[in-house]
Number of protein chains: 2
Amino acid sequence: MSEYEVESLSGGSAGRVEKRFVTLGDPEPLGLECGRSLGPFTLAYETWGDLSPARDNCVLICHALTGDSHAAGYYSEEDRKPGWWDIMIGPGKPIDTTKYFVVCSNVIGGCMGSTGPSSLNPATGAPWAMDFPVVTMGDMVKAQKLLLDHLGVSRLLAVVGGSVGGMQVLEWAVRYPGMVAAAIPLATTCEHSALAIAFNEVARQAIMADPAWNGGNYYGAALPEYGLAVARMVGHVTYLSDEAMRKKFGRSLQDRCGLSYRFEPEFQVESYLRHQGRKFVERFDANAFLYMTKAADYFSLQQAWGDGSLVNAFARAACRFLVVSFTSDWLYPTYQSKAMVQAMKKNGLDVSFCEITADLGHDAFLLPSARLNSLVGNFLAVTQARERGAPPVSWTAPGADAAREDAHAL
Amino acid sequence: MSEYEVESLSGGSAGRVEKRFVTLGDPEPLGLECGRSLGPFTLAYETWGDLSPARDNCVLICHALTGDSHAAGYYSEEDRKPGWWDIMIGPGKPIDTTKYFVVCSNVIGGCMGSTGPSSLNPATGAPWAMDFPVVTMGDMVKAQKLLLDHLGVSRLLAVVGGSVGGMQVLEWAVRYPGMVAAAIPLATTCEHSALAIAFNEVARQAIMADPAWNGGNYYGAALPEYGLAVARMVGHVTYLSDEAMRKKFGRSLQDRCGLSYRFEPEFQVESYLRHQGRKFVERFDANAFLYMTKAADYFSLQQAWGDGSLVNAFARAACRFLVVSFTSDWLYPTYQSKAMVQAMKKNGLDVSFCEITADLGHDAFLLPSARLNSLVGNFLAVTQARERGAPPVSWTAPGADAAREDAHAL
């Protein structure tokens with residue numbers, strides 16, 4: 001049985017949540033790696049659960065490339081679509097909101113409430129556009145640190161995230177070793193590969209080739225929606241896999257009457273990609289996409305922290321790690337996770353590693369998986385017990401046999 | 001030692017060659033699979049070597065997506081760049097022009113001399129643009145058949161090609177079984193996968209999103225060069241591999257002073273892709289790119305010839321096959337070649353199959369490889385001997401030890 005046949009996993013909804021905003025970097029602006037500084041700036045964030053009196057139960061969630069602070073729950077009674085990681089976060093779920101104080105913020109450079117290129121530049125009163133400073137994973141993490149200071153959290157039980165969120169997790173573990181008890185980087189890499197940079201560059205070029213992009217100055221005018229849609233289509237190809245696409249679409253046609261001999265979308269995979277492109281344009285800022293991909297391309301833990309050596313980079317880390325990769329992820333393949341695990345182990349760090357068999361490609365970390373849920377739930381429970389000096393507690397999803405079984409795998 | 005460390009393989013130049021043009025489909029137009037017809041139309045073609053008196057030594061070369069008739073040799077004394085498969089075709093080379101009469105034509109729907117969307121529509125006197133009929137691999141092969149009729153060739157010693165050229169090879173073997181003694185499909189597939197369609201669709205959308213594309217009516221005006229460049233960049237990512245990109249570019253920067261924190265190309269892989277995009281715009285027609293990719297997406301040998309069964313499709317074939325795949329080709333992975341080999345074998349066909357270890361991705365079939373040269377050279381030599389009822393002859397590249405050794409592998 002595939003892990004992914006478990007369509008519905010146990011646990012309740014995180015319920016209503018509100019997007020909050022905090023002004024940070026004031027009066028002291030945030031120094032950025034590019035040499036410029038940013039401040040005051042806004043972070044949009046959401047929280048679930050309560051901070052314990054000992055302030056020792058905070059789990060920070062880091063979102064992926066085009067994600068946001070809305071990791072779980074609903075904004076209103078009418079809201080039908082929960083947050084992007086609702087399968088993972090909620091009462092009785094692996095990131096259990098009855099036990100943990102869960103925080104997720106939109107990264108700086110983004111467009112979901114935090115300051116980014118679509119925000120107003122206080123110096124000009126106009127949107128920053130391409131005058132916004134290039135931000136790195138390190139800058140994003142430093143901004144998150146300021147948010148935690150604001151929330152009165154001085155130590156994280158865990159920092160968790162997949163893909164570009166996983167890069168932030170790794171950055172946290174190395175940049176603020178004294179603040180992190182456990183780190184869970186999923187479907188990610190310590191260093192963006194040439195292939196990953198290539199895909200991002202194609203996507204960026206698609207945006208920048210759109211005349212409506214206009215050097216980034218499209219605010220209040222026509223949006224570079226064609227370019228951004230193509231960029232998103234590139235992304236979606238990389239998020240799936242050959243096998244996932246074969247199973248999901250194969251060569252099925254929209255129209256059962258056969259080939260059209262025209263250039264309208266006719267294969268289902270074509271319609272899927274065009275749909276994803278169109279949907280994305282409604283919710284995401286093209287310049288923010290440029291900045292997010294650039295931050296991912298710049299990410300190299302070994303360059304930033306180890307003079308080119310990943311072993312040296314992890315010499316700074318002090319937390320427990322749960323590293324998870326997925327067999328069909330060809331954007332950040334398992335060999336890249338194994339490299340980070342080896343570097344962690346060479347530093348004597350406490351590392352659990354699991355490669356989950358999944359045909360869903362890079363997207364797998366966002367999809368229901370009893371194994372992933374079990375791994376994360378147990379790892380957090382054990383970490384909390386250790387932090388509190390209590391005996392280890394194993395996490396069991398209510399009624400989930402598969403999860404109980406998986407508890408032994410850790 | 002990697003096969004690809006053999007940078008320079010033996011054999012001489014095919015020398016001067018001229019691009020010729022023939023008018024076909026007149027007075028009888030070519031019936032196309034879409035239901036329309038085309039004629040009169042032009043095929044651009046080139047030949048090397050001489051047709052034997054018995055007319056039994058013709059090798060047809062089928063070019064890939066954006067290739068042309070110029071497979072080998074030079075157009076003039078000043079010409080510094082040989083044809084695209086010069087490493088394979090020439091005196092003493094695997095496709096030996098002292099032994100074989102080698103023919104290569106530009107496909108219909110293309111833009112390198114054969115009739116395609118940039119050609120004038122005789123009915124209107126204006127370029128066809130998107131009024132050009134959608135052509136298939138079958139249509140391309142039927143046009144090639146008319147060229148061979150014109151050249152007085154009624155039986156091919158072999159038909160050879162890689163990638164989209166390999167699709168034509170497979171189509172030849174099934175469509176005209178009585179005309180083909182041997183077929184050599186390289187780095188190809190019997191059926192375009194959802195992943196391959198997805199990449200093509202992203203590329204097409206990049207072109208069609210360019211306002212200069214203008215519904216295909218850009219002739220005599222500004223070309224959709226940005227869209228076409230992005231489309232080509234998508235292609236180039238798929239032609240390489242994770243490993244090839246890592247070895248070729250890694251995270252090397254153009255500028256050794258470090259990261260620029262700007263959006264100009266700085267990683268070498270970015271510059272490479274932009275360069276490939278720019279170069280392509282100078283030589284290729286955007287509409288032709290749409291038609292070529294569509295023909296590839298439509299290709300399904302099992303649908304066209306076997307009611308969905310590849311085994312049934314190959315029941316029509318009668319030739320010998322040499323099937324070659326490359327380990328790092330993720331556009332048309334080895335499992336797809338193995339599927340065709342199995343279907344051939346189930347029909348009792350004479351099949352040789354080799355998966356060549358190569359880290360160069362899909363492009364590997366175009367790059368120097370002692371093993372590929374040896375496989376092709378020997379297969380052709382043995383085929384010719386069999387056709388003539390002579391004892392088998394093994395092909396040896398002058399001075400190439402690796403090639404001699406490989407001869408046994410066949």
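**Exercise 1. A salt bridge inside chain B**

Find the residue with which B:D56 forms a salt bridge in this predicted model, and work out which parts of the chain the pair ties together.

*Solution.* Start with the partner: B:D56 pairs with B:R388, and their closest N and O atoms are 2.9 Å apart. That sits inside the 4 Å cut-off for a salt bridge. Next, place both residues. B:D56 is in the loop between β4 (41–48) and β5 (58–62) of chain B, while B:R388 is in the loop between α11 (370–387) and α12 (401–406) of chain B, so the bridge links parts that lie 332 residues apart in sequence. For context, a search of the whole structure turns up 40 salt bridges over all chains.

**Exercise 2. Sizing up the contact between chains**

How much area do chain A and chain B bury between them, and which three residues of chain A supply more of its share than any other three?

*Solution.* Take the area to begin with: the two chains bury about 4700 Å² between them, with 72% of it on carbon and sulfur atoms. Now pick out the top trio on chain A's side, which is A:R251, A:Y261 and A:F263, supplying 19% of the area chain A buries against chain B. Then count the residues taking part: 55 from chain A and 55 from chain B. Finally, look at the charges. There are 10 salt bridges between chain A and chain B. A:R251 makes a salt bridge with B:E191, where the closest N and O atoms are 3.8 Å apart.

**Exercise 3. A helix pair across the chains**

Describe how helix α4 of chain A packs against helix α3 of chain B.

*Solution.* Get the geometry down: α4(A) (residues 225–239) and α3(B) (residues 194–208) pack at about 170 degrees, their axes 9 Å apart. Angles over 145 degrees count as roughly antiparallel, so that is how α4(A) runs relative to α3(B). The crossing is left-handed. As for who touches whom, α4(A) brings A:V230, A:M233, A:V234 and A:V237, and these meet α3(B) residues including B:L195, B:F199 and B:V202. Sorted by class, the contact of α4(A) with α3(B) has nine nonpolar residues, one polar and one charged.

**Exercise 4. A helix pair within chain A**

Now do the packing of α3 and α7 in chain A.

*Solution.* Helix α3 (residues 194–209) and helix α7 (residues 286–298) of chain A pack at about 160 degrees, with axes 10 Å apart. That makes the two roughly antiparallel. Their crossing is left-handed. Among the contact residues are A:I197 and A:I207 of α3(A), plus A:F289 and A:L290 of α7(A). The class tally for α3(A) with α7(A) is nine nonpolar, two polar and three charged residues.

Definitions and conventions
Residues numbered from 1 in each chain as written. Chains lettered and ligands numbered in written order. Predicted model: local features only at pLDDT ≥ 70, side-chain atom pairs only at ≥ 80, totals over all residues. Heavy atoms only, no water. Axes fitted to C-alpha atoms, helices over the stretch in contact; angles between N-to-C directions. Helix = DSSP H or I, 4+ residues; strand = E, 2+ residues; numbered from the N terminus. Parallel < 35°, antiparallel > 145°, perpendicular 65-115°, else oblique. Left-handed = near helix turned anticlockwise from the far one by under 90°. Contact = heavy atoms within 4.5 Å. Nonpolar A, V, L, I, M, F, W, Y, C, P; charged D, E, K, R; others polar. Buried area = accessible area lost by both parts, 1.4 Å probe. Salt bridge = Lys/Arg side-chain N within 4 Å of Asp/Glu carboxyl O.
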